[in-house]
Amino acid sequence: MSISTDATIASFGGKLLKLKHSAKTTNCEMKFNLFLPSTATTSKPAPVLIYLAGLTCTGDNGAEKGFFQSKAAEKGIAVVYPDTSPRGLGIEGEDESYDFGSGAGFYVDATKEPYSKGYKMYSYITEELPKALFGQFKELDGSRVSITGHSMGGHGALTLFLKNPGMYKSVSAFAPIANPSKCPWGEKAFSGYFGEDQKQKWADHDATELLPKFPNDTDILIDVGTGDNFYKQGQLLPENLEKAAKETGKGLKVNYREGTFAGDHVEHAAKYLLK
């Protein structure tokens, strides 16, 4: 099914497109945002940065609050903002909590019923959305793609990168859920999407477990806000990922700081997208 446009909004000399399409992986209509810099043309397609949002979010959050477009316009990079889960599947209980079900797809393919019938965000982000996007928008260069994300989306960015060597040119994350198998958010999500007894599937979507197995060198950038209550509550566990990187000699830089640093993550992607 082709992508349709609901709105076109001027943004930093380029345009922000409000888009939607019917997705087979999620069994519903999926909405997302696409920022196209002014430099993107069919004869000179732009590299792409995918931004994965966090719990409760939609594709609008990063586009409207994430401060990516300014630096992306400067660098000539397009930004894709997907949704975080299927919508309106009618599964009993999917709308009852903020950290599971609607708005909380965790970028995995659920194998436990009833969520296995549509909660396939891993396949949606890695397969169906890119195929639809690059098939329709020739202003985008599907051979130059990087990925980033926040919180649950940071978990998604890290795991999608680590599970698919060569698919993405770079990865970075803001306050990622770095060791979901060991934190309450991840334990709840993985129990519901895979089952409590499927610990190997948990490990297959845990950046701290995946990093030591990654076959290539890495240059991963992570920022964590020191005032973040979820960090203080032990939901993020970036120290566990740092330990795994140190033990295996993988390249990982974690900044613990305050402030807004979206531009730094666009710069990080640009190092690889604009080679």
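This is a short walk through one structure, from its sheet to the helices on it, then its cores and a few backbone details. Please keep in mind throughout that this is a predicted model.

Let me begin with the sheet, which is open and has six strands in the order S1-S2-S3-S5-S4-S6, with mixed pairing. At its edges are strand S1, residues 4-11, and strand S6, residues 140-149, each of which pairs on one side only. Neighbouring strands in this sheet are turned against each other by 25 degrees on average, if direction is ignored. Strand S4, residues 46-52, pairs with S6 in the parallel sense over six bridges, and within that pairing Ile-50 has Ile-147 of S6 as its bridge partner. As general background, strands of a sheet pair through backbone hydrogen bonds, either parallel or antiparallel.

Now to the helices on this sheet. Helix H4 packs on the sheet and touches S4 and S6, with a direction that makes about 130 degrees with that of S6. Helix H10, residues 262-273, also lies across S4 and S6, and runs at about 145 degrees to S6.

How long should H4 be, at 1.5 Å a residue? For its 12 residues, 152-163, the expected span is 16 Å, and because the end C-alpha atoms are indeed 16 Å apart, the model agrees with that expectation. H4 is also mostly covered, with 11 of its 12 residues buried, among them Met-152, His-155, Leu-158, Thr-159 and Leu-162.

The last three of those names bring us to Ala-207, which lies in helix H7, residues 207-210. Leaving aside residues up to four places away in sequence, Ala-207 touches Leu-158, Thr-159 and Leu-162, together with Ala-178 and Leu-241. Is Ala-207 buried or exposed? Its relative accessibility is 1%, and therefore Ala-207 counts as buried. For a sense of distance, Ala-207 and Lys-112 are 95 residues apart in sequence and 21 Å apart in space, taken from C-alpha to C-alpha.

Turning to the interior, the largest nonpolar core has 68 residues, and those with the most contacts inside it are Leu-34, Phe-106, Ile-125, Phe-137, Ile-147 and Tyr-193. Helix H3, residues 121-136, gives the largest share of this core, namely seven residues. Apart from this core lies another, of 19 residues, which includes Phe-35, Ile-77, Phe-261 and Ala-270. Phe-137, to return to a residue of the largest core, touches Ile-3, Leu-17, Leu-19, Leu-34 and Leu-36, again not counting residues up to four places away in sequence. In soluble globular proteins, nonpolar side chains tend to be buried together.

I will finish with the backbone, where the general expectation is that most residues other than glycine have a negative phi, and that most peptide bonds are trans. Which residues depart from this? Phe-12, in the loop between S1 and strand S2, has a positive phi of about 50 degrees although it is not a glycine. Tyr-107, in the loop between S5 and H3, likewise has a positive phi, of about 55 degrees. Their surroundings can be set side by side: Phe-12 counts as exposed because its relative accessibility is 56%, whereas Tyr-107 is buried, with a relative accessible area of 0%. Finally, the peptide bond from Glu-113 to Pro-114 is cis, with omega near 0 degrees, and Pro-114 is found in the loop between strand S5, residues 78-81, and H3.

Conventions
Residues are numbered from 1 along each chain as its sequence is written. This is a predicted model: local features need pLDDT of at least 70, side-chain atom pairs count only at pLDDT 80 or more; totals for chains, interfaces and linings use all residues. Side-chain values use heavy atoms; hydrogens and water are left out. Helices (H or I, at least four residues) and strands (E, at least two) are DSSP runs, numbered from the N terminus. Buried means under 20% relative accessible area, exposed over 50%, partly exposed in between (1.4 Å probe, protein chains only). Contact means heavy atoms within 4.5 Å. The expected span of a helix is 1.5 Å times one less than its number of residues. A nonpolar core is a set of buried Ala, Val, Leu, Ile, Met, Phe, Trp, Tyr and Cys residues joined through side-chain atoms within 4.5 Å. Two strands pair if DSSP finds at least two bridges between them. Axes are lines fitted to C-alpha atoms, for helices over the stretch in contact, and angles run from 0 to 180 degrees between N-to-C directions.
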